[in-house]
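Here are my notes on the model, set out as numbered points. Please read them with the coordinates open.

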Protein chains: 2
Amino acid sequence: MQPVRRLAVIGVGLIGGSCALALKRAGMVERVVGIGRGSVNLQRAMALGVVDEVSTDVARGVDGADVVLVTTPVGQMGSIFDALRGAVAPDAVITDGGSTKRDVVAAARERLVERLPRFVPAHPIAGAERSGADAARPDLFVQRHVVLTPLPDTAPDAEARVRALWTACGAKVSSLTPEQHDGVFAAVSHLPHALAYALVQMVAERPDAGMLFSFAAGGFRDFTRIASSSPEMWRDICLANRDALLADLDAYDAMLARLRMLLDRADGEGLERLFTSARDARDAWLRSMETPQ
Amino acid sequence: MQPVRRLAVIGVGLIGGSCALALKRAGMVERVVGIGRGSVNLQRAMALGVVDEVSTDVARGVDGADVVLVTTPVGQMGSIFDALRGAVAPDAVITDGGSTKRDVVAAARERLVERLPRFVPAHPIAGAERSGADAARPDLFVQRHVVLTPLPDTAPDAEARVRALWTACGAKVSSLTPEQHDGVFAAVSHLPHALAYALVQMVAERPDAGMLFSFAAGGFRDFTRIASSSPEMWRDICLANRDALLADLDAYDAMLARLRMLLDRADGEGLERLFTSARDARDAWLRSMETPQ
């Protein structure tokens, strides 16, 4: 696999910065240009060795790049695709790190147009509450999933190149359709984020919130960890995956109604059965993750 | 503060076993007798040095004890109080480690009768998924909350003794009424447990559960950690605190409905406001926990 001569990373945060560091460590990239709106973060990325040069202009920054990685919030990708269309080399590979895929694919189809075959939609699964170039680390993707959602239009060589790059970062790469992807992550990622934000907000709005928080312990802390995530990023994700998330909110509400009914009837046997089933499913999942694949 | 001459621990698991180890380390107990139904766990507790002798009979085990700690699931405490009433020395202090307090207090009032002034209801906040004597460790309560819910009947010297014992374990001891206690922990502990069980169960029941679990990552793992807790214990807790938990399930459902409405309207500004408010509340809470008190 040939190394990247010039990698343009648009949005040098946790995902883009960590990918740059991982590819550098793997000897898979010669030069990285960091592109962003905030020059403070870009200078920080330079100082940390995450990127080798910087630009606040997309068109100038991607000039001469053979691979372009877009890791901005998904809400900004449309205008970035506009800027890329006329600026990237015709054979350059474009990929992204967005947490939702149908909206990114729709934006790419509309904005990249004749460049669409060079675009490989991707979602590296390595969220964290921290953001910015300071959060980047070369081992972020080791043993993590990266999901590609290639289109019928996607050029096989472009897809192979993106797959090889993420593999070089240590990731486990798999493929889903954009629809499958958004359905999966609505349930296992977007819904839990919404539920965690909702619990913290419910507690925070109570008149006795101070007392409640003062006795909240480790269970509450872990359950709500994802409620410390970026509100802007999660607003965009929720809006982008709105229909799937609405359906899962309804499915969750139905499960809560079932649990509530068991509780209302003081049906201890039914509650224990539900809790046991959930506990066993979770423990089986944990074991499956420990098993080398 | 005088050390305990003979501590009887009924239910030698994470809480009771850790308390025994912590008091031993602090030089606050001379001899510990472990009482339980399962002789395998009791022998394990002996082998680990958690207890010095064992008994499978409550009345015989508590003979000569000056402090009795009941750390069984709350559903078993009524019958244990029955056995204690005629068996403990008149001046022995009885305390418990139950996660709900109104039900334990009601059982104590009904079953301990003339011994009630020697009973100090308590809740050490140090849950974990692991159970049994093997889970016990002497530092479990360091910097953790222990909430006492003394009654108007409780003898001040009994309360002072229990307070001193938990302080010797390294805990931060405070007092609430049983009603305050159950209201607080419905919101910050029992509700999150119910929500986590519900999410895992919802995912597990989907036809594509295998695919969903295979892409679930760190956010899902932390959010659902408490769904690996003991189903039997959490059945008892939910039933014991049923009214408070039902009210909080309804409050949570109302918050989810608000979030759902914002999403349904694609109200990005409203979603971001809710997420930001929750994020800020959680971050303020984390900072307050870091501040030495």
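1. In this predicted model, helix α6(A) is followed by Gly170(A), a residue whose phi is positive, near 95°. The helix itself covers residues 156-168 of chain A, 13 residues in number, and its span from first C-alpha to last is 18 Å, which is close to the 18 Å expected at 1.5 Å a residue.

2. Which residues of α6(A) are buried? They are Ala158(A), Glu159(A), Val162(A), Arg163(A), Leu165(A), Trp166(A) and Ala168(A), a list in which Glu159(A) and Arg163(A) appear beside Trp166(A). The elements that cover these buried residues include α1, β5, β6, β7 (122-124), β8 and β9 (172-175) of chain A. As a reminder when inspecting such a list, an α-helix has 3.6 residues a turn, so residues three or four places apart point the same way.

3. Among the elements just named, β7, β8 and β9 of chain A are crossed by α6(A), which runs at about 175° to β8(A). These three strands form an open sheet in the order β7-β8-β9, with mixed pairing. Because β7 and β9 of chain A stand at the edges and each has a single partner strand, one side of each is left without a neighbour in the sheet. From one strand to the next, the twist averages 20°. Between β7(A) and β8(A), which run antiparallel, there are three bridges, and Ala122(A) has Leu148(A) in β8(A) as its bridge partner.

4. Chain A also holds an open sheet of six strands, ordered β3-β2-β1-β4-β5-β6 and paired in parallel. Its edges are β3 (53-55) and β6 (119-120) of chain A, each with a single partner strand, so one side of each has no neighbour in the sheet. Helix α1 (residues 14-25) of chain A lies across β1 (4-10), β2 (29-35) and β4 of chain A, and its direction makes an angle of about 165° with β1(A).

5. Within this sheet, the parallel strands β4 (residues 67-70) and β5 (residues 93-96) of chain A are joined by four bridges, and Leu69(A) stands opposite Thr95(A) in β5(A). In chain B, strand β4 (residues 67-70) likewise pairs with β5(B) in the parallel sense over four bridges, with Leu69(B) opposite Thr95(B). For β5 (residues 93-96) of chain B, Val93(B) and Thr95(B) point one way while Ile94(B) and Asp96(B) point the other, and all are buried. In a regular strand the side chains alternate between the two faces of the sheet.

6. How are the two chains related? A turn of 180° with a shift of 0.0 Å along the axis lays chain A on chain B with an RMSD of 0.0 Å, which is the relation of a two-fold axis. The same surface serves both copies, since 100% of the contact residues of chain A recur in chain B. Of the residues of chain A, Phe223(A) comes closest to the rotation axis, its C-alpha lying at 2.0 Å.

7. Across the interface, 69 residues of chain A are in contact with 69 residues of chain B. On the side of chain A that touches chain B, at least two residues come from each of β8 (145-148), α7 (178-204), α8 (209-215), α9 (218-223), α10 (231-240), α11 (242-264) and α12 (268-290). The largest share, 17 residues, is that of α7(A). By residue class, this side of chain A divides into 46 nonpolar, 11 polar and 12 charged residues.

Technical notes
Residues numbered from 1 in each chain as written. Chains lettered and ligands numbered in written order. Predicted model: local features only at pLDDT ≥ 70, side-chain atom pairs only at ≥ 80, totals over all residues. Least-squares fit on C-alpha atoms with pLDDT ≥ 70 in both. Contact = placed C-beta atoms within 7 Å. Nonpolar A, V, L, I, M, F, W, Y, C, P; charged D, E, K, R; others polar. Pairing = 2+ DSSP bridges. Axes fitted to C-alpha atoms, helices over the stretch in contact; angles between N-to-C directions. Expected span 1.5 Å × (residues − 1). Buried ≥ 20, exposed ≤ 12 C-beta atoms within 10 Å, placed from the backbone.
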